[in-house]
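Please walk through the model below from one residue outward. The route goes from a single site to the ligand shell, then to the rest of the chain.

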Amino acid sequence: QVKTSLLDLTNSIGSILPALSRPANHSRIFYAVMFDAGSTGTRIHVYTFINSDSAGLPVLDNEMFHSIKPGLSAYADSPEMAGHTVRMLLKVAKKTVPRLEWKRTPVILRATAGLRLLSPDKAQALLQQVQHVFDESPFLVPDDSVSIMNGTNEGILAWISVNFLTGHLKAQTQTTVGILDLGGGSTQITFLPKLRVSCVFRSLSSCSYLGHGLMAARLATLGALGAEGTGESHINSYCCSYKRCIIHTTVSVSSPGYAGYKLCYQEVLKVVKGIIHQPYQLQDSNVFYAFSYYFDRAVDAGLIDGVQGGKLEVRDIKKRAKEVCNKMTKYPPISSFLCMDLTYITCLLKDGFGFKESTVLQLTKKVNNVESSWALGATLDHFHNLKIH
Ligand SMILES: O=c1ccn([C@@H]2O[C@H](COP(=O)(O)OP(=O)(O)O)[C@@H](O)[C@H]2O)c(=O)[nH]1
């Protein structure tokens with residue numbers, strides 16, 4: 001658990017503009033290109049900002065977003081393919097940023113759980129390929145433009161993104177919202193705990209759990225982590241909605257004749273228990289924005305609209321998990337893992353983070369047409385070091 005002074009953070013964000021030091025007559029518009037090298041895909045965010053007249057926050061005018069699957073870690077044994085992926089995505093940046101602005105527009109790539117879980121030499125080989133593609137590009141390549149980001153920073157930067165987008169970082173705003181990010185390889189929870197009377201300043205609480213993203217949790221639940229690449233393997237799981245659930249080309253999972261919420265919960269609890277500790281000071285007044293796989297699976301389960309998102313209580317997810325696992329729905333689940341995924345999400349929220357069944361989550365993909373992701377916070381961090389390191 002890492003704590004960061006929120007006062008430092010907001011003061012620093014407030015001074016982004018002076019740090020940019022642009023010529024007086026220069027256009028007020030500037031751009032930044034941030035790559036998210038995630039475990040399940042690589043994404044490009046091209047941000048267009050407008051300098052505000054005051055020394056306050058810049059205005060985010062637009063985001064161009066594009067993604068490619070699989071993630072860079074899928075090319076651990078052919079790193080030049082990782083370079084190819086980034087080169088393809090850079091075409092989006094060239095189309096979006098005016099040619100005259102290329103040489104002053106920074107390109108940055110931050111990798112998350114996929115590369116954290118690789119051996120250091122394989123991860124390094126992938127990053128070197130990306131660095132090579134950046135160096136050949138017409139964009140500005142800052143120092144430390146390509147690196148693996150640590151999990152707590154991932155959570156803090158996502159918190160900055162969502163609070164920036166929802167207007168909670170403005171000087172006069174007293175409240176903030178918490179964030180819940182469920183990636184493929186890791187999961188993050190970041191929020192501002194209740195003020196203790198004796199505290200001088202408020203501290204952010206950010207926890208990241210490597211190996212507890214949704215895809216990693218599937219493998220861990222099935223005890224299949226060690227089975228990868230060792231030849232075909234069959235596993236029985238109460239969480240498998242179909243007769244046969246394929247998890248990996250070499251690992252297939254069979255249902256023991258029936259799935260069921262209670263038995264499935266016991267399976268996923270083994271992954272959650274003992275590893276996730278409950279962050280203290282969680283309280284009812286904390287509003288949490290939940291995105292990435294929280295959002296995707298809620299859409300798959302028919303709980304929220306895929307464009308609008310929506311509010312859900314933890315008990316709504318639990319209820320739908322029961323319906324899917326106990327086959328109480330009219331429609332067969334579109335994914336053979338929907339029972340396991342919804343049960344894992346319920347277990348993570350309740351037994352992992354200590355949420356009540358009545359806790360309300362705001363399921364969100366985009367805020368004002370901008371992706372809910374750490375990438376925006378990382379871009380703001382680039383323009384002025386936010387002292388989160
Ligand atoms: O800008 C983004 C970045 C990620 N995601 C979602 O985040 C999840 C996967 O996260 P990732 O592969 O980055 O996992 P990590 O490496 O962080 O564990 C998927 O549902 C993506 O669709 C998204 O919707 N928008």
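In which helix is G114 found? G114 is found in helix α4. The model is a predicted one. G114 has 29 other C-beta atoms within 10 Å, and the threshold for burial is 20 or more, so this residue is buried. Leaving aside neighbours within four places in sequence, G114 is in contact with A37, G38, S39, G71, L72, S73 and G185. H84 is not part of that contact list: it is 30 residues from G114 in sequence, and the two C-alpha atoms are 18 Å apart.

Two of the contacts of G114, G38 and S39, lead to the ligand. The shell around the ligand has 22 residues, of which G38, S39, T40, G183 and S292 come nearest. Helix α4, residues 113–116, is one of the elements that give two or more residues to this shell, and α9, residues 293–300, is the other. By class, the shell is made up of 14 polar, 5 charged and 3 nonpolar residues. Domain 1 (2–150 + 373–383) and domain 2 (157–367) each supply at least three residues to the shell.

S292, one of the residues that come nearest to the ligand, falls at the end of the range of strand β13, residues 288–292. A290 is placed in this strand as well. Is A290 buried or exposed? A290 is buried, because 24 other C-beta atoms lie within 10 Å, against a cut-off of 20 or more. Not counting residues up to four places away in sequence, A290 touches L180, F295, L361, Q362 and L363. The last of these, L363, is 73 residues from A290 along the chain, yet their C-alpha atoms are separated by 4.9 Å.

The next stop is a pair of helices. The axes of α6 (residues 151–165) and α12 (residues 374–383) come within 6 Å and cross at roughly 95 degrees. The crossing angle falls in the range from 65 to 115 degrees, which means that α6 is roughly perpendicular to α12. On the α6 side the contact is made by E154, L157, A158, I160, S161 and F164, and on the α12 side by W374, L376, G377, A378, L380 and D381. By class, this contact has 8 nonpolar, 2 polar and 2 charged residues.

Several sites have backbone geometry worth checking. A cis peptide bond joins K69 and P70, with omega at about -5 degrees. P70 lies in the loop between β4 (59–68) and α3 (79–96). D144 is not a glycine but has a positive phi, near 55 degrees. It lies in the loop between α5 (120–136) and β6 (146–148). D144 has 8 C-beta neighbours inside 10 Å, and since 12 or fewer is the limit, it counts as exposed. N369 is another non-glycine residue with a positive phi, here about 75 degrees. The loop that holds N369 runs between β16 (366–367) and β17 (370–371). With 10 other C-beta atoms within 10 Å, N369 is exposed.

Two further residues can be placed in the same way. D121 is found in helix α5 and counts as exposed, because it has 8 C-beta neighbours inside 10 Å. D121 and A76 are 45 residues apart in sequence, while their C-alpha atoms are 9.6 Å apart in space. S203 lies in strand β9, residues 203–210. How many C-beta neighbours inside 10 Å does S203 have? S203 has 19, so it counts as partly exposed; 20 or more would be needed for a residue to be buried. The C-alpha atoms of S203 and H66 are separated by 34 Å, with their positions 137 residues apart along the chain.

These sites belong to a protein chain with 12 helices and 17 strands. Of its 389 residues, 46% count as buried. Among the contacts in the chain with a separation of 6 or more, 72% come from residues 24 or more positions apart. The pair A290 and L363 belongs to that group: these residues touch and are 73 residues apart along the chain.

Note on methods
Residues numbered from 1 in each chain as written. Predicted model: local features only at pLDDT ≥ 70, side-chain atom pairs only at ≥ 80, totals over all residues. Axes fitted to C-alpha atoms, helices over the stretch in contact; angles between N-to-C directions. Helix = DSSP H or I, 4+ residues; strand = E, 2+ residues; numbered from the N terminus. Parallel < 35°, antiparallel > 145°, perpendicular 65-115°, else oblique. Contact = placed C-beta atoms within 7 Å. Nonpolar A, V, L, I, M, F, W, Y, C, P; charged D, E, K, R; others polar. Near = placed C-beta within 6 Å. Domains from an automatic or database assignment.
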